[in-house]
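Visitor: I'm new to this one, so could you walk me through it and tell me how the labels are earned?
Guide: Happy to, take a look first.

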Amino acid sequence: MATNLEKFIKDQLSIWSEVSNRYRDLRNVSTRTMNIGGLDVTLQHNPARLSSATARIDEESLKARECFLCPDNQCAEQIRMRFVGRKGRKYNIQINPFPIFPRHLVIPRVRHCEQSIWHHFVDILDLSKAFSDYIFFYNGPKCGASAPDHMHFQGAPRHLMPLERSIDSCLSSFPAQDEDGKPLDLPGKLEHICSLLDAHLYHYKQFTRGIFVLRACTAKSMGKLFYRLLECAPLSKDDKEPKFNLFSYYTAGSGSNAAEGEYRAIVVFRERHWSHHYFSDGPDHLTMGLGCADMAGFFIVPVPEDFAKITEEMLAEMVDEVSLSAESEQDIIWRLTRQQRTVDVGIMSADEIVFEIISDGAGPQKVSIRDGRIDYNGVLYDELYFDAVTRSTFFAEASFVLHAVTIGVDFHWERKLDQTFAGSLKFIASNNKVLAINTIGVEDYLLSVISSEMKASAGLELLKAHAVISRSWLMSQLERPKGLASRSSERVSVASGELVKWWDHDDHSLFDVCADDHCQRYQGLTMAVGENVRKAIDATWGQVLRFKGSICDTRFSKCCGGVTERFSTCWEDRDLPYLRVINDTPDGTPDTRCFCDTDDKAILSQVLNDYDLESSDFFRWERRYTRDELSELVERRSGLGLGSLRELIPLERGGSGRISRLKLVGDKGSMVIGKELMIRRTLSESHLKSSAFEIENTGEGFILRGKGWGHGVGLCQIGAAVMACRGYNYKQILAHYYPGAELTEK
Ligand SMILES: [Zn+2]
Ligand SMILES: [Zn+2]
Ligand SMILES: [Zn+2]
């Protein structure tokens with residue numbers, strides 16, 4: 001094929017004298033050499049490239065001009081050699097009529113479609129393998145492509161670009177792995193970042209920031225690692241892909257694996273296309289827009305004055321301006337190398353479970369319980385494990401489906417649904433049922449639970465705060481001492497005349513958390529993941545709240561009512577230093593308007609579901625009962641036999657005004673009830689909004705005037721939503737509701 005290409009180029013030049021002359025002129029162009037960031041780079045004075053350097057690529061200009069990559073608009077002399085990529089994608093290999101290199105190819109797709117690397121990466125790999133004397137490259141739509149509206153690659157002979165030469169000598173001198181298969185740093189310039197199967201990714205440390213290098217034996221692994229790298233790079237709001245230049249070539253291999261060829265690629269991430277020099281009217285003006293060749297250390301200078309005046313300092317400044325920021329570069333490396341623990345989530349338990357492993361193509365299969373063991377294809381097991389390749393550093397893809405999972409257990413909307421999950425699947429026999437457990441990365445788990453719990457419309461900082469709270473709760477489940485008796489859920493202390501109960505979270509023994517509201521509602525990848533949720537988890541990856549080293553108990557409720565409550569008012573008699581009584585106000589005094597005192601529907605809808613929106617009286621509320629109504633209700637809810645109620649007497653209140661001990665006086669007896677939740681359950685058909693209420697005995701009945709919704713301990717969800725809307729960031733929100741707690745990376 002390579003010889004075909006040489007013949008094609010000769011044929012083309014022989015019939016197209018204008019272009020043939022340009023290729024001839026190229027042999028005599030002036031060049032200069034400079035050193036930028038340790039790399040010896042070349043400057044080429046190439047006047048023929050002026051129109052390309054100044055091409056306007058804004059949307060209007062593109063629309064106004066004829067597409068020069070569509071065959072109909074090209075010179076009659078231009079001939080084409082067909083290349084077919086994957087899935088029948090057709091390309092024309094053509095000669096570039098305005099060359100930079102002695103052989104300079106343009107390879108547009110036949111169909112006019114916009115410049116984009118999504119789906120096209122594998123085609124540049126195939127091109128590289130088919131023509132291994134060439135290096136192929138791709139200018140991102142905002143990184144030098146003068147036809148961002150028409151998908152195209154370019155090609156040039158190998159070994160002409162300084163960056164390619166520097167990286168290639170490094171890759172060719174050292175194998176990817178040591179004898180034990182451990183990936184190696186390549187001395188000096190290339191630092192190993194991560195690997196995926198046979199693909200390895202390095203960070204190149206010379207020339208400028210944002211340069212990454214990939215090598216792989218198979219196109220498949222190369223593609224996977226490349227797209228993972230792209231996922232980890234910053235994406236501007238108006239862009240469809242990160243800003244980068246890409247180079248790809250194929251080498252017959254070297255050293256120990258000389259028999260095996262290798263795909264190699266260089267990705268140069270960018271901040272912008274032009275530096276300020278391009279737009280300047282002053283003496284530092286330079287008519288240079290940096291594309292692939294430039295970013296590989298082969299700078300094109302079309303204007304003679306520029307070529308004469310440009311200094312090493314100017315060029316270094318220019319490269320610095322268009323390169324990725326140091327912070328973004330660190331972010332990419334962090335995303336590629338960070339870790340996440342796994343969590344075991346109990347999904348469902350049944351006599352029989354139908355499931356499907358997505359990657360094996362076997363379709364639906366079945367496990368059932370037989371003699372207390374798991375029957376799978378007629379063989380009995382105590383435990384069955386279907387492992388999935390989990391991506392420890394970024395969000396995972398779907399790996400299995402469970403059929404007919406019951407969701408909304410005990411809710412009016414309870415129903416069965418097929419659910420899709422990432423991570424591994426384990427079946428164990430328990431209580432004569434098959435129990436399905438999903439082992440998944442903590443961050444992947446959070447991506448799912450925050451998506452079900454919060455509205456897609458929720459502000460980013462609110463979502464970040466929630467991500468930290470949920471993660472802290474989850475990590476406390478993972479870090480709790482295993483093998484000890486689980487904490488009991490109901491604690492009763494009935495002294496004479498007192499019934500004080502509270503309920504706390506019941507721990508699981510066979511897995512870390514369940515998929516129901518008991519823990520956090522988890523439906524795998526079944527529901528769409530909001531873009532903001534993804535951003536929130538990504539930005540807070542691994543962060544939890546700690547106090548003196550221990551993970552915080554990050555309770556939260558809907559609305560504190562103005563003042564937050566302490567722990568002991570609601571649960572056992574101990575207090576936590578970061579769950580304090582605070583005024584939910586900007587200055588911490590009771591004199592300013594509370595954050596959660598709002599009726600802004602847009603904010604409320606971020607925290608409450610539509611049903612809840614109907615009851616917008618949560619900051620202050622009122623409940624009226626006749627004496628008979630309340631007496632009957634209390635008897636039905638408590639069975640205490642107090643008769644007709646005479647008085648309700650608060651004996652003890654927490655810092656938010658929530659009653660923790662309430663004396664009920666009836667004509668047949670009296671009883672003190674508590675704590676917070678017990679009171680709310682006793683005085684309402686379901687739950688009274690809170691126990692922070694004043695009581696007016698009107699003679700005919702009782703009026704309860706209350707504040708807030710929920711226990712009021714820790715973060716106030718409505719207050720936090722208001723804070724996020726007013727521009728507080730998640731760290732400020734968490735510091736407000738959990739004073740003294742520290743945000744730490746796990
Ligand atoms: Zn076109
Ligand atoms: Zn649970
Ligand atoms: Zn509040």
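Guide: Let's begin with two residues, Asp 584 and Cys 716, which are both buried. Keep in mind that this is a predicted model.

Visitor: What makes a residue count as buried?
Guide: The cut-off is under 20% relative accessible area, and over 50% is called exposed. Asp 584 and Cys 716 carry the buried label.

Visitor: And which metal site do Asp 584 and Cys 716 belong to?
Guide: They help hold the zinc ion (ligand 3), whose donors are Cys 560 (SG), Asp 584 (OD), Cys 596 (SG) and Cys 716 (SG), at 2.0 to 2.3 Å.

Visitor: How do you know that those atoms are donors of the zinc ion (ligand 3)?
Guide: An N, O or S atom has to be within 2.8 Å of a metal such as zinc. The distances here are 2.0 to 2.3 Å, so the four atoms qualify as donors.

Visitor: Why is the site of the zinc ion (ligand 3) called tetrahedral?
Guide: Four donors earn that word if all angles lie between 85 and 135 degrees. The angles among the four donor atoms are 104 to 120°, so the site is tetrahedral.

Visitor: How are the donor residues of the zinc ion (ligand 3) spaced in sequence?
Guide: The pattern is C-x23-D-x11-C-x119-C. Asp 584 sits in the loop between strand E29 (556-557) and helix H16 (601-607), while Cys 716 is in strand E36 (residues 715-716), and this pair links distant parts of the chain, 132 residues apart.

Visitor: What holds the zinc ion (ligand 1)?
Guide: Cys 67 (SG), Cys 70 (SG), His 112 (ND1) and His 150 (ND1) coordinate it at 1.9 to 2.3 Å. The angles at this zinc ion (ligand 1) are 102 to 119°, which makes the arrangement tetrahedral. Along the sequence, the donor residues of this ion are spaced C-x2-C-x41-H-x37-H.

Visitor: Why can Cys 67 and His 150 be said to tie parts of the chain together?
Guide: Cys 67 lies in the loop between helix H4 (59-64) and strand E3 (81-84), and His 150 in the loop between strand E6 (134-139) and strand E7 (152-157), so the pair joins parts that are 83 residues apart in sequence. Both Cys 67 and His 150 are buried.

Visitor: Which residues are the protein donors of the zinc ion (ligand 2)?
Guide: They are His 508 (NE2), Cys 514 (SG), His 518 (ND1) and Cys 519 (SG), lying 1.9 to 2.3 Å from the ion. Their spacing along the chain is H-x5-C-x3-H-C. His 508 lies in the loop between strand E25 (498-503) and strand E26 (513-514), and Cys 519 in the loop between E26 and helix H15 (531-540), so this pair ties together parts that are eleven residues apart in sequence.

Visitor: What makes the site of the zinc ion (ligand 2) tetrahedral?
Guide: Its four donor atoms give angles of 103 to 117°. Those fall between 85 and 135 degrees, so the label is tetrahedral.

Visitor: Why is helix H14 called oblique to H15?
Guide: The axes of H14 (residues 460-479) and H15 come within 8 Å and cross at roughly 55°. That angle makes H14 oblique to H15, because under 35 degrees would be roughly parallel and 65 to 115 roughly perpendicular. The crossing is right-handed. Among the contact residues are Leu 460 and Leu 463 of H14, and Val 533 and Ala 536 of H15.

Visitor: Which residues of H15 are buried?
Guide: They are Val 533, Ala 536, Ile 537, Asp 538 and Thr 540. Their cover includes helix H12 (326-337), helix H13 (442-453), H14, strand E27 (543-547) and helix H21 (730-737).

Visitor: How do H14 and H21 cross?
Guide: Their axes come within 8 Å and cross at roughly 55°, which makes H14 oblique to H21. This crossing is right-handed. Glu 461, Lys 464, Ala 465, Val 468 and Ile 469 in H14 meet Tyr 730, Ile 733 and Leu 734 in H21.

Visitor: Is Leu 197 buried or exposed?
Guide: Leu 197 has 65% relative accessibility, so it counts as exposed, the cut-off being over 50%. Leu 197 lies in the loop between strand E8 (190-196) and strand E9 (199-204).

Note on methods: Residues are numbered from 1 along each chain as its sequence is written. Chains are lettered from A and ligands numbered from 1 in the order in which they are written. This is a predicted model: local features need pLDDT of at least 70, side-chain atom pairs count only at pLDDT 80 or more; totals for chains, interfaces and linings use all residues. Side-chain values use heavy atoms; hydrogens and water are left out. Donors are N, O and S atoms within 2.8 Å of the metal (3.2 Å for Na, K and Ca); water is not among the atoms, so sites may look incomplete. Four donors count as tetrahedral if all angles lie between 85 and 135 degrees; four count as square planar and six as octahedral if opposite donors are over 155 degrees apart and all others between 65 and 115; anything else is irregular. Helices (H or I, at least four residues) and strands (E, at least two) are DSSP runs, numbered from the N terminus. Axes are lines fitted to C-alpha atoms, for helices over the stretch in contact, and angles run from 0 to 180 degrees between N-to-C directions. Angles under 35 degrees count as roughly parallel, over 145 as roughly antiparallel, 65 to 115 as roughly perpendicular and the rest as oblique. A crossing is left-handed if the near helix is turned anticlockwise from the far one by less than a right angle, and right-handed if clockwise. Contact means heavy atoms within 4.5 Å. Buried means under 20% relative accessible area, exposed over 50%, partly exposed in between (1.4 Å probe, protein chains only).
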